[in-house]
Amino acid sequence: MDNWFFGIVLLVCLKLSLQATDNGVPATLTMLAVDVELNETEHRRVQLTDGGGASTDPVLLCTPDAADNDPVRVYIQAASPTAPCGMNCFSLQPCGSSGEHCLFYLPGVDTLSVTLASRYTLTVGCTDDAEPGVTGTLTVTVISNTPPVFVPAAPLAVSLTIDGLASSPGAVIYEISTEDVDNDFVDYSMTLSPDSEYLFLLKNGQIKTAQDLRMFCGDRFTASITASDGYNSPIGPFTLGLTLDPHNEAPTVTNLDTTLSYREKPGVGYTVLELATADTTVFDTLNIHMWADSSAGMELYKLSGESGFTKMTVFRLSGESGFTKMTVFRLSGE
Ligand SMILES: [Ca+2]
Ligand SMILES: [Ca+2]
Ligand SMILES: [Ca+2]
């Protein structure tokens, strides 16, 4: 047993002596960068560089003592401050030539916040685990995220006139453009006045017609567009004033509002009112809709005829005298 025990001790000692020798000469640490940058909104494992160098630039060189050539390793000894993203947020990995190491940010460990800590000082070391390690410092500057900007930056209000009678669905009316220095995806949001679905906004910033603008009885839209990179408050609004010239004029019924009375039991089909419609821009048809304050009213009357010859007739006899309020709604379209 004793021989086995001494054998094992001898093997361990031999192995240790092969790994490192304490000859009093430490490994050498050469700092290749002293200040690297990190985006506040970084969500990837990303290599940190000084911003001006190549993306593969190492930050330090750790070389063994030439006298014993013991294997060496690097380590992060400390980070200051320790929160909100301390030394666990960073990792040194071999890269480039022998002994060179790159610094990586590890996402998901903690949260970066320029407000809480805009700069970390990392104490990094190089050692062969025999002699004392040698250390250096590396500063990580956290770069705040910047909101996008509209391109061009001004004006933020543009007026545009288009032919409202000659637009086809899907036509590009305008294109919003933005720039984000952080290369964040910029999301657009649009509100339309009057509130409608005649125009829509694509993710690429194009504003398109959703349908033929002849269906719109009006001469103006105002579109308000904001843009957000998801990290900052939305910018804008950018306002697009869209004038339709020429445009589809809204139709009118010139003999409304009115109150009518007629003799009792006039017979089904009796014309209560011939609607006097007027529209300077009628396309295929002029559609007129009607509804009543009560469902009973809708059972009593109906609209018939086309375009300028629409009339309101008795559809069913109620057998009672009374008052029914009817609302007529005009819609001009194809
Ligand atoms: Ca050594
Ligand atoms: Ca941004
Ligand atoms: Ca019209």
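**A strand-rich chain with two nonpolar cores**

Thr 139 turns out to be partly exposed, since 14 other C-beta atoms sit within 10 Å of its own. The model discussed here is predicted, and Thr 139 makes a handy way into it. This threonine is part of strand E9. Its C-alpha atom is separated by 5.9 Å from that of Val 34, although the two residues are 105 residues apart along the chain. Val 34 is also among the contacts of Thr 139 once neighbours within four places in sequence are set aside; the others are Asp 35, Arg 119 and Thr 121.

Stepping back to the whole protein chain, the secondary structure adds up to two helices and 25 strands. Of the 334 residues in the chain, 20% are buried. Contacts that reach across the sequence are well represented: taking those with a separation of 6 or more, 69% link residues 24 or more positions apart.

What about the inside? In soluble globular proteins, nonpolar side chains tend to be buried together. Here the largest nonpolar core has 26 residues, and the members touching the most others are Val 36, Leu 38, Cys 62, Leu 103, Leu 122, Leu 138 and Val 140. Two or more residues each are supplied by strands E2 (35-39), E4 (60-63), E5 (73-80), E6 (90-94), E7 (100-105), E8 (119-127) and E9 (134-143). E8 gives the largest share, with four residues. A second core lies apart from this one; it has 17 residues, including Tyr 188, Tyr 198, Ile 225 and Ala 227.

Cys 62 gives a feel for the surroundings of one core member. Leaving out neighbours within four places in sequence, Cys 62 is in contact with Ala 27, Leu 29, Val 72, Val 74, Gly 99, His 101 and Cys 126.

Next come a few backbone details. Most residues other than glycine have a negative phi, and most peptide bonds are trans. Against that background, the bond from Ala 83 to Pro 84 is cis, with omega near 5 degrees, and Pro 84 belongs to the loop between E5 and E6. Another cis peptide bond joins Gly 236 to Pro 237, this time with omega at about 10 degrees. Pro 237 is located in a strand, E18 (residues 235-244).

Two asparagines have a positive phi. For Asn 69 the value is near 55 degrees, and this residue sits in the loop between E4 and E5. Asn 69 counts as exposed because it has 11 C-beta neighbours inside 10 Å, where 12 or fewer is the cut-off. For Asn 183 phi is near 60 degrees, and its place is the loop between strand E13 (178-179) and strand E14 (187-193). Asn 183 is exposed too, with 9 C-beta neighbours inside 10 Å.

Further along the chain, three strands form an open sheet in the order E20-E24-E23, paired antiparallel. The edges are taken by E20 (271-274) and E23 (301-304); each has a single partner strand, so one side of each has no neighbour in the sheet. On average, neighbouring strands of this sheet are turned by 20 degrees against each other, direction ignored. E23 and E24 (residues 311-314) pair over four bridges. Within this part of the sheet, Lys 302 stands opposite Thr 313 in E24.

Notes:
Residues numbered from 1 in each chain as written. Chains lettered and ligands numbered in written order. Predicted model: local features only at pLDDT ≥ 70, side-chain atom pairs only at ≥ 80, totals over all residues. Core = buried A, V, L, I, M, F, W, Y, C linked by C-beta atoms within 7 Å. Contact = placed C-beta atoms within 7 Å. Pairing = 2+ DSSP bridges. Axes fitted to C-alpha atoms, helices over the stretch in contact; angles between N-to-C directions.
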